[in-house]
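Biologist: Could you walk me through this structure and tell me what stands behind each label you use?

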Amino acid sequence: MTDTRENWSARSGFIIAAIGSAVGLGNIWRFPYVAYENGGGAFLIPYLVAIFAAGLPLLFLDYAVGHKFRKAPPTAYKKLMNAESLGWWQVMVTLMIGIYYASVLSWAGSYMFYSFGQQWGADTQAFFFNTYLQNGEGLSLGFVPTLFWGLVCVWVAVMLILYGGVRRGVELANKIFMPLLVILFSILVIQAVRLPGAVDGLNAFFTPNWEAMGNYKVWLAAFGHIFFSLSVGFGIMLTYASYLKRKTNLTGSGVVVALANSSFEILAGIGVFAALGFMAFSSGAKVEDVVSGGIGLAFIAFPKIISSLGAGGDLFGFLFFASLTVAGITSMVSILQVPIAAFQDKLGWSHKKSVSIIAGGSAVISTLMFSTHSAITFVDIIDYFANNIGIVGGGLVSIILVSWLRRPLLKQLQAHINQYASIQLGASWNFLLTIVTPVSLLVALGLTINSIISEGYGGYPAHILWIVGGGTLAFFVVGAIALSLLKDRHPEEK
Amino acid sequence: MNTSALMMMIISIVLLWGGLILATIHLVKNPDEAED
């Protein structure tokens, strides 16, 4: 049978798309905060150790499975070790992440336009929660038109890219958006470091706290961050590698992807903390009093910083939110490519049919759920459960199955990678995947479950956590079991 | 900037950006074999 699977036009197309997937919202709003909270400049040490001890070994494992079997997770894991349901778990996780990620992306896109004239006014927190999100008490499903139209725009853009396929859609979009992101963000950083007070922000970010190195939580934070930042362990890199040509140097490409992702994170840390230094300077506060991360940094702190800049803040705001939007779109495309490819492989659907049903169906659910008064509640809880249990749990099981329970497979995958690799994998890869990576993930998962049981999450009432968080996990479990029971079908004619 | 912060900033940039440049050069010097 001839191999009709789509492929990247060249290795560079794969690399730029993999970087586009890894560089997302988290690089801009998560890394700077995590690094600051965990030793500042000294965080570089656990961060580098985590890249080489856990991030790259797991990245190579994902590459090996996807590239060897040239399939998305369900079919690839079925062929590797008869573990199709593990693949469908990962597909369910990516589907759920795609559904809520669109929401955050639409907020960033909306704020890109709100930057002109700084439409959030003086109280950025009230604008975000009350005027923009129209956040309601508890679970309130009333319709919010502004959120609806933002979501429609995001889904139209993402589906247009996905309809183009791997080469003319995903690859082309990344070849346009990634250079654009670097240009936009570089201009932003240059502007930020010239602001008064920027030096104080950089001092806060880079001054090393060596005592923190003795705290195991700092090391755990570094391993956890790298795991999420590199998009490993939940099927994206596996799926992207399935479109590579057979004689590809996987290890050399992986190192470039990992270091490009980290290089962007350092740039983000400089830009964000220079801006926070200015915020402290202009409000007469200390940097440590204005530091924040995540949604609070992007939609509350940054608008404040932008407003402090006067009329010149419009461009600064546009650059920041455009960077978030562009970084987010390339990540979202990679997230949705996993379920699209999985259903193509399993049911023999054509590419366009898979995009229409999977991305189209996700768009409808996403638009219904996230144009409501509870959008931020859904985003917050689903994000926590999907990342900390969905991704970590799926990644952990895939490693344990290969490196603990079916060790001959590890040798097979190692041999597959080494066939054309410029950096050969040896006993150290084997050791890191057997001990370091699974143990760090096991500890992270244990701490998350313990925390949910003892403290709940985010101060939400138990019934909301059960409905939204429990519902998310039930979606993963039921989907993984039900879809793995479906019978495989032959490919349809295009 | 204070000395220790400046040192850590320079080391971070040299290691990560320098590492990226070296990894890219390494990759270019090791092109993939042509498919049959």
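Modeller: Gladly; here is how the labels on some helices and residues come about. This is a predicted model, in which local features need pLDDT of at least 70 and side-chain atom pairs count only at pLDDT 80 or more, while totals for chains, interfaces and linings use all residues. Residues are numbered from 1 along each chain as its sequence is written, and chains are lettered from A and ligands numbered from 1 in the order in which they are written.

Biologist: Let's start with α6(A) and α18(A): what makes α6(A) roughly antiparallel to α18(A)?

Modeller: Helices here are DSSP runs of H or I with at least four residues, strands are runs of E with at least two, and both are numbered from the N terminus. Axes are lines fitted to C-alpha atoms, for helices over the stretch in contact, and angles run from 0 to 180 degrees between N-to-C directions. Angles under 35 degrees count as roughly parallel, over 145 as roughly antiparallel, 65 to 115 as roughly perpendicular and the rest as oblique. The axes of α6 (residues 84-114) and α18 (residues 375-405), both of chain A, cross at roughly 155° and come within 9 Å. Therefore α6(A) is called roughly antiparallel to α18(A).

Biologist: Which residues of α6(A) and α18(A) meet?

Modeller: Contact means that the C-beta atoms of two residues, placed from the backbone, lie within 7 Å. On the α6(A) side the residues include Trp89(A), Val93(A) and Tyr100(A), and on the α18(A) side they include Phe378(A), Ile382(A) and Gly390(A). By class, this contact of α6(A) with α18(A) has 14 nonpolar, 5 polar and 1 charged residues. For those classes, Ala, Val, Leu, Ile, Met, Phe, Trp, Tyr, Cys and Pro count as nonpolar, Asp, Glu, Lys and Arg as charged, and the others, Gly among them, as polar.

Biologist: What makes α6(A) roughly perpendicular to α8(A)?

Modeller: The angle again. Helix α8 (residues 145-163) of chain A packs on α6(A) at about 105°, with the axes 8 Å apart, so α6(A) is roughly perpendicular to α8(A). Among the residues in this contact are Ala102(A) and Ser106(A) of α6(A), and Leu151(A) and Trp155(A) of α8(A). The contact of α6(A) with α8(A) has 7 nonpolar, 5 polar and no charged residues.

Biologist: And why is α6(A) called oblique to α21(A)?

Modeller: The axes of α6(A) and helix α21 (residues 462-485) of chain A come within 8 Å and cross at roughly 135°. That value belongs to none of the named ranges, so α6(A) is oblique to α21(A). Here Trp88(A) and Met92(A) are among the α6(A) residues, and Phe475(A) and Phe476(A) among those of α21(A). The residues of the contact of α6(A) with α21(A) divide into 10 nonpolar, 4 polar and 1 charged.

Biologist: How do you know that Ala102(A) is buried?

Modeller: A residue is buried if 20 or more other C-beta atoms lie within 10 Å of its own, exposed if 12 or fewer, and partly exposed in between, with C-beta atoms placed from the backbone. Ala102(A) has 30 other C-beta atoms within 10 Å, so it is buried. It sits in helix α6 of chain A, and its contacts, leaving aside neighbours within four places in sequence, include Met332(A) and Ser366(A).

Biologist: What makes Asn38(A) count as buried?

Modeller: Asn38(A) has 22 C-beta neighbours inside 10 Å, so it counts as buried. Asn38(A) lies in the loop between α3 (31-37) and α4 (44-69) of chain A. Its C-alpha atom is separated by 8.3 Å from that of Asn209(A), 171 residues apart along the chain.

Biologist: Why is Arg70(A) called partly exposed?

Modeller: Arg70(A) has 18 other C-beta atoms within 10 Å, so it falls in the partly exposed class. This residue is in the loop between α4 and α5 (73-81) of chain A, and has a positive phi of about 50° although it is not a glycine.

Biologist: What about Gln134(A): what makes it partly exposed?

Modeller: Gln134(A) has 17 C-beta neighbours inside 10 Å, so it counts as partly exposed. Gln134(A) is placed in the loop between α7 (124-132) and α8 of chain A, and its phi is near 50°, a positive value in a residue other than glycine.

Biologist: How many of the residues in chain B are buried?

Modeller: Buried residues make up 19% of the 36 residues in chain B. Chain B has 1 helix and 0 strands.
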